[in-house]
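Reader: I'm a first-year student and I'd love a close look at just one part of this structure. Could you take me through the sheet and whatever packs around it, one step at a time?

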Amino acid sequence: MTQILKDRVAELSAKVQSLPPKEALALLAQEFAGKIIFSSSFSWEDQAISHIIFSNNIPIKVFTLDTGRLFTETYYVWSRTTEMYNAKIEAYYPNQQLLQEFVTEKGPNSFYESVENRKGCCYIRKVEPLQRALSGNEIWVTGLRAEHSPERHDLPILEWDETNNIIKFHPLLHWTTDEVRSFINTNGIPYNTLHDKGFVSIGCQPCTRAIMPGDDFRAGRWWWEDKASKECGLHAHS
């Protein structure tokens with residue numbers, strides 16, 4: 001089944017390549033009914049995609065990863081989104097036993113001490129819950145954009161994820177930040193107000209901060225680390 005799904009990437013890419021996000025999402029939702037899922041962190045782009053899904057009743061399940069260390073503003077926009085669209089967003093949480101053992105052994109802020117510790121924390125709070133969320137699905141819709149990092153400039157709009165054995169679709173891959181913000185404003189979509197305070201990438205509260213104009217998009221993530229290590233593992237390729 002995995003190879004059959006993998007072999008469909010080229011065919012599906014040809015179908016969605018020139019379609020607007022709404023039409024592309026509707027097409028994939030029809031072809032992969034009950035097997036398509038969207039991960040939201042309530043960022044600008046994720047809110048735009050959620051709006052497209054919810055306002056057009058596209059049958060795509062929406063979920064989020066609650067790491068237990070998110071910003072208050074993130075929980076607020078989560079709540080506003082479910083209220084505004086009368087929609088459900090499924091929450092996935094860290095495995096209690098894994099998290100308890102990690103914090104007991106390493107301490108609550110051990111991610112500052114080494115890249116190994118930080119990636120261990122990310123694995124427990126984000127990667128393992130993601131794997132549970134994706135299990136049984138065939139299409140994973142993401143809010144990745146080419147502007148987010150140099151490594152994503154050459155991403156295809158639809159790709160095979162070898163790590164999770166799933167097809168990933170990035171409907172806003174080639175949208176600019178201005179285009180995303182314009183879409184948010186035009187449609188009155190609730191968004192995380194931390195974006196107005198210089199936050200471009202918003203994750204866990206201890207590991208995210210605002211950036212200065214001209215800084216790299218990832219500069220606000222794990223700023224104490226070398227730039228080369230700035231991934232949590234959610235979108236790693238094996």
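**A walk around the sheet**

Author: Let's begin at strand β5, where L158 and W160 point one way while E159 and D161 point the other way, and all of these residues are buried. Keep in mind as you look that this is a predicted model.

What does β5 pair with? Its partner is strand β6, residues 166-169, and four bridges join the two strands, which run antiparallel. You can find some of the matching positions yourself: L158 has F169 as its bridge partner in β6, and E159 stands opposite K168 of that strand. The two strands form a hairpin with four residues between them, and in this hairpin N165 takes a positive phi near 50°.

Now move across to β6. Its side chains also go two ways: I166 and K168 point one way, I167 and F169 the other way, and all are buried. Try comparing this with what you saw in β5, where L158 and W160 point one way and E159 and D161 the other.

Strand β6 has another neighbour, β4, and here the pairing is in the parallel sense, over three bridges. Look for V141, because its bridge partner in β6 is F169. You have met F169 already, as the bridge partner of L158.

With those pairs in mind, step back to see the whole sheet. Which order do the strands take? The sheet is open and has six strands, in the order β3-β2-β1-β4-β6-β5, with mixed pairing. At the edges are β3 (90-92) and β5 (158-161), each of which pairs on one side only. On average, neighbouring strands of the sheet are turned by 30° against each other, direction ignored.

Something also lies against this sheet. Helix α3, residues 21-31, packs on it and touches β1 (36-39), β4 (139-141), β5 and β6, and the direction of α3 makes about 160° with that of β6.

Let's pause at one residue of β1. I36 lies in this strand. Is I36 buried or exposed? It counts as buried because its relative accessibility is 3%, and buried means under 20%. Leaving aside residues up to four places away in sequence, I36 touches L28, A29, P59, I60, K61, N137, I139 and V141. For a sense of distance, compare I36 with H174: the two are 138 residues apart in sequence and 21 Å apart in space, C-alpha to C-alpha.

Just past β1 there is a backbone detail to find. F42 lies in the loop between β1 and α4 (44-55). The phi of F42 is near 70°, a positive value in a residue other than glycine. F42 is buried too, with a relative accessible area of 1%.

You can look for a similar detail further along the chain. W222 lies in the segment after α8 (177-187). Although W222 is not a glycine, it has a positive phi of about 45°. W222 is also buried, at a relative accessible area of 2%.

Back to α3, which has a helix partner as well. Helix α2, residues 9-16, packs with α3 at an angle of about 140°, and their axes are 10 Å apart. The crossing of these two helices is right-handed. Which residues meet there? E11, L12, K15 and V16 in α2 meet A24, L27, L28 and E31 in α3. By class, the residues of this contact divide into five nonpolar, no polar and three charged. Notice L28 in particular, one of the residues that I36 touches.

For a second helix pair, turn to α6 (residues 96-106) and α7 (residues 115-134). Their axes come within 10 Å and cross at roughly 165°. That angle is why α6 counts as roughly antiparallel to α7, since the cut-off for this label is over 145 degrees. The crossing of α6 and α7 is left-handed. From α6, the contact is made by L98, L99, F102, V103 and K106, and from α7 by N117, G120, C121, I124, R125 and E128. Sorted by class, this contact has six nonpolar, two polar and three charged residues.

Conventions: Residues numbered from 1 in each chain as written. Predicted model: local features only at pLDDT ≥ 70, side-chain atom pairs only at ≥ 80, totals over all residues. Heavy atoms only, no water. Axes fitted to C-alpha atoms, helices over the stretch in contact; angles between N-to-C directions. Parallel < 35°, antiparallel > 145°, perpendicular 65-115°, else oblique. Left-handed = near helix turned anticlockwise from the far one by under 90°. Contact = heavy atoms within 4.5 Å. Nonpolar A, V, L, I, M, F, W, Y, C, P; charged D, E, K, R; others polar. Buried < 20%, exposed > 50% of the residue type's maximum accessible area, 1.4 Å probe, protein only.
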